[in-house]
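Student: Take me through one strand, please. Which partners does it pair with, how buried is it, and what do its side chains hold on to?

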Amino acid sequence: MAGRGRVPGSGGTALRLLLVPLLLSLLVSLVSCTGRPASDAVRAEAQRLLDRRAAAVLAHDESAYRRTGTAAGFADLRAVPLADWSYRVTEVRRAGDTATADVELRYRFEGHDRAPVTAGRTMVLGRTPDDRWTVVSDRPDRESAQQLWDQGAVTVVRGERSLVLGVGQSRRSLQRFADLGDRAVPAVSRVWGTGWSRRVVLLVPRSLEGMAGLLGSPASSYRGIAAVTTGETGAVRAPADRIIVNPDAYGVLGPVGRQVVLTHEATHVATRAHTNAATPLWLSEGYADWVGYRESGRTPAQAAPELAHAVASGDVPEHLPTDADFGFTGAATSLARAYEGGWTACRMIEDRWGAERLAEFYRAVGAHQRRGGAVEGAMRDVLGTTPEEFTASWREHLRREFG
């Protein structure tokens with residue numbers, strides 16, 4: 001019995017040995033049908049390909065860049081002073097000999113950026129006859145704005161405290177922007193202090209449409225706006241801020257207006273770490289305007305013509321401008337009055353409490369992180385007043401200035 005009993009056991013073992021490879025083969029087939037191993041393999045290959053492409057960008061090696069695929073855009077990027085440039089593949093979708101990769105681009109400008117800019121890119125990859133992946137095309141993804149080099153060859157001009165990158169602009173024109181930036185930085189530091197990068201990066205596209213492309217918004221949203229500053233609010237490390245210029249609107253400004261705009265935008269760069277959801281726009285924009293106009297020699301009526309006209313006509317605002325009043329899509333006069341209202345409020349703080357207390361008030365509001373109670377608390381602790389008293393004083397200030 002014992003001998004016969006071993007026969008079924010031996011047969012069962014043999015059967016299991018035959019079934020194991022069959023089951024493994026079936027499992028591989030099933031997993032392959034899901035596309036996961038194939039997708040992971042393509043993603044790994046794509047990452048290695050883009051690692052080589054990034055290294056070629058940093059080395060300014062066009063031959064190495066061409067070996068990774070299309071060389072379109074390499075020459076446009078050549079002059080950009082890069083400290084870092086890298087890609088991270090987040091997803092790949094393959095269809096035969098073509099694959100679409102979702103990619104995160106991260107880069108820093110040498111000597112200016114403390115933290116990287118991150119941009120989403122969509123890359124189409126193609127399979128070559130010798131079974132390699134190459135880059136066929138590279139463009140911003142649907143949710144990301146263009147980079148300046150997406151618009152053409154970049155020209156770079158360096159100032160003492162500024163870095164200016166332009167497309168479709170002469171070096172002479174870009175040098176004028178560098179000079180404005182170099183004057184703006186110390187003007188901001190004189191009132192805000194030196195605890196910021198004290199450097200500015202300006203992007204000057206060919207036109208309003210180019211500005212809109214860099215911001216990922218319709219051109220109509222920025223018509224008449226001379227410049228905007230982009231960056232991460234509330235970031236202690238003061239990351240990669242960019243002042244993006246609208247050359248169409250900037251070109252109609254006089255020398256004083258151009259300097260006011262650049263100083264205004266440089267102020268946003270300086271105050272970025274203390275600006276967050278707690279900071280109302282009347283304060284962030286008003287303070288930037290206050291710094292911008294402070295050394296301009298402009299009278300209050302010249303700096304705030306729309307508000308001066310309204311107050312002289314008996315139309316004194318009932319309250320400080322709301323965030324909604326600063327929308328770019330509204331009437332130009334309403335937007336101007338919002339900015340002028342913020343400026344006059346900050347000017348009143350300077351007149352009554354001093355420039356140092358104004359900067360302290362700005363920082364105190366940002367220290368709250370949230371809007372609720374932030375202004376009220378800062379007014380109480382720094383200015384010794386309430387929002388109601390402050391608004392009443394501001395309205396009286398307007399009457400004295402413009403009534």
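**A close look at β3**

Tutor: Start with one pairing: E104 stands opposite G120 in β3. The model is predicted, so local features need pLDDT of at least 70 and side-chain atom pairs 80 or more, while totals for chains, interfaces and linings use all residues. Numbering runs from 1 along each chain as its sequence is written, and side-chain values use heavy atoms, without hydrogens or water.

β3 covers residues 117-127. Strands here are DSSP runs of E, at least two residues; helices are runs of H or I, at least four. Pairing takes at least two DSSP bridges.

Take the neighbours in turn. β2 (residues 98-109) pairs with β3 in the antiparallel sense, over 10 bridges. β4 (residues 133-140) also runs antiparallel to β3, joined by 7 bridges. There, G126 has T134 of β4 as its bridge partner. β3 and β4 make a hairpin, with 5 residues between them. In that turn, D131 has a positive phi of about 65 degrees.

Now burial (buried is under 20% relative accessible area, exposed over 50%, partly exposed in between; 1.4 Å probe, protein chains only). In β3, 10 of the 11 residues are buried, so the rest of the structure largely encloses the strand.

Next, the side chains. A salt bridge puts a side-chain nitrogen of Lys or Arg within 4 Å of a carboxyl oxygen of Asp or Glu.

R127 forms one with E45, at 3.0 Å from N to O. E45 sits in helix α2 (residues 36-59) and R127 in β3, so the pair ties together parts that are 82 residues apart in sequence. E45 is partly exposed, at 27% relative accessible area. R127 counts as buried, at 18%.

R121 forms another, with D150, at 2.9 Å from N to O. R121 belongs to β3 and D150 to the loop between β4 and β5 (154-158), so this pair ties together parts 29 residues apart in sequence. R121 is buried, with a relative accessible area of 4%. D150 is partly exposed, at 29%.

To recap: β3 is flanked by antiparallel pairings with β2 and β4. The β4 side closes as a hairpin. R127 reaches E45 by a salt bridge, and R121 reaches D150.
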